[in-house]
Amino acid sequence: MDKNFQGEEFAQVVRFTPPLWEQRYQFVKDLVEKYKPKKVADLGCADCRLLRMLKFCSCIEVLAGLDICASVMKEKMHMLTPLPFDYLQPSERSLTVTLHHGSVAHKDPCMLGFDLVTCIELIEHLEKSELKKFPEVVFGFMSPSIVVISTPNSEFNPLLPGVMLHRHPDHKFEWNQVQFQSWALEAARCYDYSVEFTGVGHPPTGMEKVGFCTQIGVFIRKYPQTGGSGPSEKPTEAVYKTVFKAVYPSLKDEKYLQNAVINEVIFTAQIIRQCLMPKHEEEEDESERKSKFQPSVDSLSDYLGKVVVDKTMEPFVNGNKVYIPLATIFSFPKVNRLCGTFEKLCKLIAGKVTLSSDGSAVMFDTEHENEEN
């Protein structure tokens, strides 16, 4: 529920650089880089900007957002849609992004199993009855390994011109440092979490006792989650409405992996072919080709660095055909990483790339520069 005006307008007055909302998001991103969670949920995701930032974190495989305002999510959810580049260069990890419409005061099984849950500028928007249920839903029911909660520090408000009672009319309350820490410590005690306090938005020099403009609590679950021992019954009925879901192309999907391998095999073979063949090959006889063969291989080895050339791996020319052994192509780091085994390489390109009669080499016609499968 972190809107542009929250932090951005008053940050310009006190000259927070970068803007306060960005500092909050960077704090979360730094935590992700430290703990490497695979599944992250953002409660009160609103305009989805935090989710958009986190989707680029390579450790994350599942992202979920929840907000009570479906219209704001629907307006901005396009930012989470895969781009053409994602299909051209699929990631090695899988990534699914889902947005749900619902309240943090309700329990839904779709929010189980997350490693990290973020609540950035959320709790101050909750009614008293919702705030009362919030710890049980997040810490008791969802029970992630890490929870990050940020909220305005009311002690900072006098430093913000124009702020009378609360920073935004939708805020139901704003806590000082003692109030927030007292609430957080009690929640941590009840649900077996530890909590550390920090924040973003430093006060002016000489006013350090005021504390951060945004106060943050980082909760770490003390004990591993054990099935069936939690304080809550796990409901079987879904109460949230899914408003968006995107499954990103991934090399874990064999369809995308096969396309990537085929493209890389053809690309690698063409590079080797270009290094082997002289510029005016049609004007040269077989003896000239043979005399230039070894220097070309040496040049290739120097250029690519990784290819070990022996008798069984040497590319060769026979008539009007160039043969690039699959063993040579497999020795290239990217092809090797994509396939893992030579057998898988053969399986993925079978019937998709032009091979020699025994299937041991990629075959090109010397008379066509861009011969493809």
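**Close-up 1. Leu54 and the residues around it.** In this predicted model, Leu54 touches Val28, Lys29, Val32, Val40, Ile60 and Leu63, not counting its neighbours within four places in sequence.

**Close-up 2. The largest nonpolar core.** Pull back from Leu54 and you're looking at a core of 40 residues. Leu54 is among those with the most contacts inside it, along with Val32, Ile60, Leu99 and Val148. Helices H2 (20-35) and H3 (49-54) each put in at least two residues, and so do strands E3 (96-101), E4 (116-120), E5 (146-152), E7 (214-221) and E8 (241-247). H2 chips in the most, with seven. There's also a second, separate core of 31 residues, including Ala41, Leu43, Met111 and Val117. As a rule, nonpolar side chains in soluble globular proteins tend to be buried together.

**Close-up 3. Strand E3 and its partners.** Here E3 pairs with strand E2 (residues 62-67) in the parallel sense, over six bridges. One place to spot this is Val62, whose bridge partner in E3 is Thr96. E3 also pairs with E8, this time in the antiparallel sense and again over six bridges. For that pairing, look at His101, which has Lys241 as its bridge partner in E8.

**Close-up 4. Cysteines without a disulfide.** How many disulfides does the count come to? Zero. Take Cys48: its closest cysteine sulfur is in Cys45, 4.7 Å away, and the cut-off is 2.5 Å, so that's too far for a bond. Cys48 is buried, at 0% relative accessible area, while Cys190 is partly exposed at 43%.

Notes
Residues numbered from 1 in each chain as written. Predicted model: local features only at pLDDT ≥ 70, side-chain atom pairs only at ≥ 80, totals over all residues. Heavy atoms only, no water. Core = buried A, V, L, I, M, F, W, Y, C linked by side-chain atoms within 4.5 Å. Buried < 20%, exposed > 50% of the residue type's maximum accessible area, 1.4 Å probe, protein only. Helix = DSSP H or I, 4+ residues; strand = E, 2+ residues; numbered from the N terminus. Contact = heavy atoms within 4.5 Å. Pairing = 2+ DSSP bridges.
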